[in-house]
Number of protein chains: 2
Amino acid sequence: MAERIGQSTVRLCQPVIIRAAAGVVGHKERKGPLGDYFDIAFRNDKLGQPTWEKAESTLQTVAVNTLLQKAVLQTRDIDVIFAGDLLNQCISSTFGLRELGIPLLGQYGACSTMAQTMAVGAVFVESGAANKAIAVTSSHFCSAERQFRLPMEYGGQRTPTAQWTVTGAGAALLERGQSGVKIQHITVGRINDYHIIDANNMGAAMAPAAADTLRRFLTDTHTTVFDYDLILTGDLGRIGSQLLHELLQKDGPDITPNHQDCGCLIFDTEQAEVHAGGSGCGCCASVFCSYILPKLQRKEWQNILFIATGALMSPTSSQQGESIPGIAHLLHIVS
Amino acid sequence: MAERIGQSTVRLCQPVIIRAAAGVVGHKERKGPLGDYFDIAFRNDKLGQPTWEKAESTLQTVAVNTLLQKAVLQTRDIDVIFAGDLLNQCISSTFGLRELGIPLLGQYGACSTMAQTMAVGAVFVESGAANKAIAVTSSHFCSAERQFRLPMEYGGQRTPTAQWTVTGAGAALLERGQSGVKIQHITVGRINDYHIIDANNMGAAMAPAAADTLRRFLTDTHTTVFDYDLILTGDLGRIGSQLLHELLQKDGPDITPNHQDCGCLIFDTEQAEVHAGGSGCGCCASVFCSYILPKLQRKEWQNILFIATGALMSPTSSQQGESIPGIAHLLHIVS
């Protein structure tokens, strides 16, 4: 049974472990500071496919197949897969997972999708609705850029607040188990709208949601940020991270000493055009699966909060004058 | 605890009830055979909004607020809302639910979304991860038409196999309870690809998925179609329903006597341009919430299968030569 704690947090009473995970990335991510950690790093971001969208689908296929290999499992061993992405109608999940034949529940949380798929998957596993579940998501710089911003061929200059959509995917296997890295608590995010309208400053759109979810979790669990080895946000990037620190300092915790952001970890500031850092569903998905989870498994960290953030918008909503609300889902993970 | 039955079915051991629901529709649906059943039927499909997308968002807002009124609840009483829609990046859910402040887990299942949101919500409620959850989805003829097919102003002629996207939304409240209409089993759908490429024949794209999920459920539960008062599909329409009957007759059950389809129920064949019937997330959502659930509550039906189907495609995937795979999620509901 799961148990509700305080206003918004769920404690998973039966232990759900992240048994294995796989992170897959493209060329620029391979050259970044975490390049050696990823399970697979492609040299060509087209992955031999005729379109960027099909390349992104392939990232999900490869991530899931790599995960199954690592866990020595077949597709028929998996009861349900939770998957989502940034493309219209989540087509990279549909076409990336089509051949696998695993029951699918599509998720949409924009860049918060990795935490969301793991959260929903963990509830299914904890309750017995699934014995083994996979959580997977992806993003691709080129498919995102042309869908959300400008055609690649246009070669537009990007603003300093812009982030670079990570070409990558991450897949994690959840099951019941006594030993291993466990998902202990979940806090589902609410929509936070600070009326940001600049689609080139997603960090600002998402930081308030991260602050809101973190505050709600800390209140519900009667803990402070110093009770955790690491507070890991998804893809706030440098500007969003700075804003998160400022928002939280207004009424309390200074998380600067133990905060890291996957968008800042994945690229070096020296790397061309990454500007404020990495973003996209594949950013925290690949970083969590290939870099963070192994450190938890080795007990370098034992008690972390993983807060993935998403900006809930479409080009249509922006063209119709809507702001860019954010959302953030939190997982408390222990090893 | 939930329990897995056979290969793919989940039995909810703690009773999850659909305590209340609300269906909201537009003008054409108001004039259809179920017009008098809907909780709210608007006379103008713009709902006083400047764009079709904002009108669709408003359908979700109205559906949830009507549901809360019927259940005599406030937004703060709801632990989590599961919501999704057909628009790119699910913006009708985002902007329709933004002001409510309820923790949100976005779902993407195309037109299967109502069954999906109820299935995921039921697992959350059953496990204790939520005490009260709402499942909601919507579609709007005009926002769907211009996103998936042609601009409204073009006035293109529609083929006889085409379906008419329902302007409507449905919201259902799930909670633990002993008496009432219960969700007893869930079968999560798999992607089924019969290589349909005609975006004007969604019924054909989705029928194989409905057949697959129904077969898997019947095998897992050792039951036959005659054990159920009603087999209710989402929006196969007339052509998809016929195909479903043919597919199932190949290896067994003739479901014709106790099969109904929300896409056939919502419009009269006499209504202009509906052709093969209604479609869209809002089709089975509004029909289930306003027409089916009250009949279950009055015990006119006591034991039904609700199978909502979705076509997993985007204009981009079709333009890139992909087929249109289908998916179908099943709920076994008893009263």
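Mentor: Before we start, one term: the bend at a residue is the angle between axes fitted to the seven residues ending there and the seven starting there. Keep in mind, too, that this is a predicted model.

Trainee: Okay, so where does α9(A) bend, and by how much?

Mentor: At Phe288(A), by about 45 degrees.

Trainee: And what span should helix α9 of chain A have, going by its residues?

Mentor: It runs over residues 281-297, so 17 residues at 1.5 Å a residue should give 24 Å. The end C-alpha atoms are 23 Å apart, which agrees.

Trainee: Is α9(A) enclosed or not, and why?

Mentor: Largely enclosed by the rest of the structure, because 13 of its 17 residues are buried.

Trainee: What happens just after α9(A)?

Mentor: Lys299(A) sits there with a positive phi of about 60 degrees.

Trainee: Let's zoom out. How is chain A divided?

Mentor: Into domain 1, covering 14-176, and domain 2, covering 182-334. Taken over C-alpha atoms, the centres of those two domains of chain A are 18 Å apart.

Trainee: How many residues does each domain of chain A bring to the contact?

Mentor: Domain 1 of chain A brings 52 residues and domain 2 of chain A brings 53. On the domain 1 side, elements supplying at least two residues each include β2 (9-25), α5 (141-149) and β8 (168-176) of chain A. The largest share of that side comes from β2(A), with nine residues.

Trainee: What classes of residue make up that domain 1 side?

Mentor: The side of domain 1 of chain A that touches domain 2 of chain A has 30 nonpolar, 16 polar and six charged residues.

Trainee: New topic: how many residues of chain A are in contact with chain B?

Mentor: 53 residues of chain A, meeting 53 residues of chain B. Among the elements of chain A giving at least two residues to that side are α2 (52-71), β4 (80-85) and α10 (315-319). The most comes from α4(A), with six residues. By class, that side of chain A has 24 nonpolar, 19 polar and ten charged residues.

Trainee: Do the copies meet through the same surface or different ones, and why?

Mentor: The same surface, because 100% of the interface residues of chain A are also interface residues in chain B.

Trainee: Last one: what rotation superposes chain A on chain B?

Mentor: One of 180 degrees, with 0.0 Å of shift along its axis and an RMSD of 0.0 Å. The two copies are thus related as by a two-fold rotation axis.

Technical notes:
Residues are numbered from 1 along each chain as its sequence is written. Chains are lettered from A and ligands numbered from 1 in the order in which they are written. This is a predicted model: local features need pLDDT of at least 70, side-chain atom pairs count only at pLDDT 80 or more; totals for chains, interfaces and linings use all residues. Copies are superposed by least squares on the C-alpha atoms of residues with pLDDT of at least 70 in both. Two residues are in contact if their C-beta atoms, placed from the backbone, lie within 7 Å. Domain bounds come from an automatic or database domain assignment. Helices (H or I, at least four residues) and strands (E, at least two) are DSSP runs, numbered from the N terminus. Ala, Val, Leu, Ile, Met, Phe, Trp, Tyr, Cys and Pro count as nonpolar, Asp, Glu, Lys and Arg as charged, and the others, Gly among them, as polar. The expected span of a helix is 1.5 Å times one less than its number of residues. A residue is buried if 20 or more other C-beta atoms lie within 10 Å of its own, exposed if 12 or fewer, and partly exposed in between; C-beta atoms are placed from the backbone.
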